[in-house]
Structure formats: structure tokens, C-alpha cells
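Biologist: Let us go through this model together. Keep the answers short, please.

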Amino acid sequence: MPELPEVETIRAYIDEKVSGRRIDDIRVCLPRLIKNSSAGDMKKTLIGRTITACSRRGKYLLLHTDGPYSLLIHLRMTGSLIYDAGGGEEIRAQRIVFLLDTGKLIYRDIRTLGCLWLVPSAGLTHIKGYDTLGPDGNSPEFTTAYVYPRLKGTHRRIKSFLLDQTQVAGLGNIYVDEALFRAGIRPSRRCNHISRVTAGRLCDAVHAVLAEGLAHGGTTIRNFVGGSGREGNNQDYLRVYGREGQPCLVCGTEIRYVKQAGRGTHYCPHCQT
DNA sequence: TAACACCTGTAA
DNA sequence: TTACAGGTGTTA
């Protein structure tokens, strides 16, 4: 469940549930998900510490503690965080479980592609993907003035640019397709062929699709997420993603599906040029 | 920039 | 059986 609106929805929920909770024990069912330390080191470092907050940048979550190290998490394709107050039904695919002074924080992940890192609570994390993130796509720094010169400087296809987290953080396959539809841009367009005016439309579209996703609590498809509190309903508002073969909501032309950069890509051949 | 790798589950 | 899935890092 991993683009910015979904991760932010989880962040708000986890922040509310676990801030102020102390980590009493950790059950590491799948140690290879911890990328820069052993299960033993993680336990030694985090047990006894109190979680102070949960923050987010791009698609990364950071569980802050009152100790020298905090926990950085990337959910990749199928990761999720669930707070279990106890008494609920059994949760499948539990990979790492933090036993708290009240309840449990469960890292669940079907495909086990997610990553966890122990990082310094202050300063750089030295995790490359995190330290090099561009501005969040819904942040005030993501403006036409920021993005237009970057588009001018590259011959890449626009979809691949928008998926590049060092350029703009938080977009994934769904919201990129949605933003390009709203901006009227083909996913295959070369960045340096996009005018300043069109770049402005794109910037507005990125802000709009992320804001809408957030307002709807994220997009929930394929029932990947179970448990409490995190199913969004933005899937009911998507305009192109997953609508291949159906009529464009603006002009009625059939929405097309192609592979681009290895990703399923949806667009309207009439509205997007 | 494309292919593949990392994984498991589901649908065609 | 095969293709595909909300991601990203490495390799040809």
C-alpha cells in the first residue's frame, strides 16, 4: 500500500496509537527485512525505549524513539503497520512484532519486500534512498519553479521522471498515471519537450491527486490491507488507473493500457498528448 | 533504459 | 501455467 497518501494515512494512525508507548520486546520472524543490523542488535538498541512519534518523508516512515536510534521503515509493495490492542483476530504474514507496554505494533508484509533500518535519531540516516529524497509532491517546495528547470535538463520520459524519488518524493504508479491524465500529458512524453505552462499544469495535477488521495484516506485495491483503520476509498475516484478498456470520463475514448518502464500504464489517447 | 532481482498471492 | 501487482536497487 505504498504511495504518499497511503503511507501518510498509516503514519497518522500509527502516530496516534503508539506515541508514548514503550517497547518491551521485539519478535523478529523474518530477520532479512532488517537491512543494516542484526535482529539481536535491533533488540538491544530498541527494547526499553519509548516511541515518541511517527513521521513520514516520501514513502518512508520513521518511528522516533527517546534513544540514540530510531526505526526507518519502507513498506515497498505489500508492507503495512498495524496496531493491535489485543483480542483481535489473528493477522497473517506478521514479520516483525513490537510488544509495547500497551498492545503490539505489527509489521505485516505478504511479499516480504519491505525494509527496516536502525538509524541515528538525529542527523543524516546514511540510508541512500532516504537522504536523497526530493521534496514531497504535496509540499510547498514542489513548484513549477522547482520542476521546470529539471524537466528542461533531461530527455527522460515524464512517467519515469515522476517515479524518481530523488526528483519528487511520494508518487508511485497510481498517482503518476492520475496526475498525467489530469495534466493532459502522455506518459511517454520527453521531459525536455514539456513547456513551462504544461509543467505548471503538471505541478498542479500532482498536488491535486495527492490531496484527493489523502482526503479519501488513500487508495485500497486488491484487499492487500487488512486490519483496522487504514482502508481508504480513493479507488472510487481514480480516473484512469485500472480503467483500461473503459471510456474516458472526459471524452469517452477507450482508456489504453501499455507497459512503460516495466510498469502498467494507463492513459487516454485523446486527452493526453 | 530495459531487464532482472527480490517475494507471495491471485486472477486470467 | 502465466502474467501481473501500489517499489526500488543492481546490472547489462
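Biologist: Is H266 buried or exposed?

Modeller: First, the ground rules. This is a predicted model, where local features need pLDDT of at least 70, side-chain atom pairs count only at pLDDT 80 or more, and totals for chains, interfaces and linings use all residues. Residues are numbered from 1 along each chain as its sequence is written, chains are lettered from A and ligands numbered from 1 in written order, and side-chain values use heavy atoms, without hydrogens and water. Buried means under 20% relative accessible area, exposed over 50%, partly exposed in between (1.4 Å probe, protein chains only); at 4% relative accessibility, H266 is therefore buried.

Biologist: Which side chain makes a polar contact with the side chain of H266?

Modeller: A polar contact is a pair of N or O atoms within 3.5 Å; within protein, one must be able to donate a hydrogen and the other to accept it, and residues adjacent in sequence count only if both atoms are side-chain atoms. The H266 side chain reaches the backbone nitrogen of G242 at 3.3 Å. Its side-chain partner, at 3.4 Å, is E244.

Biologist: In which strand is H266 placed?

Modeller: Strands (E, at least two residues) and helices (H or I, at least four) are DSSP runs, numbered from the N terminus. The run holding H266 covers residues 263–267. That is strand 10.

Biologist: Which polar side-chain atom lies 2.2 Å from a phosphate oxygen of DNA strand C, that is, of which residue?

Modeller: There are 24 residues around DNA strand C (near means a heavy atom within 4 Å), and E6, I221, Y241, Y257 and R263 come nearest. Base nitrogens of DNA strand C have polar backbone atoms of P2 at 3.4 Å and of T219 at 2.9 Å. The phosphate oxygen at 2.2 Å faces a side-chain atom of R263.

Biologist: What share of the atoms of DNA strand C within 4 Å of the protein belongs to sugar or phosphate?

Modeller: Those atoms split between bases and sugar or phosphate. The sugar or phosphate share is 59%.

Biologist: In what order do the four strands of the open sheet run?

Modeller: The pairing is antiparallel (two strands pair if DSSP finds at least two bridges between them). Strand 2 (51–57) and strand 8 (115–120) are the edges, each pairing on one side only. Strand 2 and strand 3 (residues 60–65) pair over six bridges. The order is 2-3-4-8.
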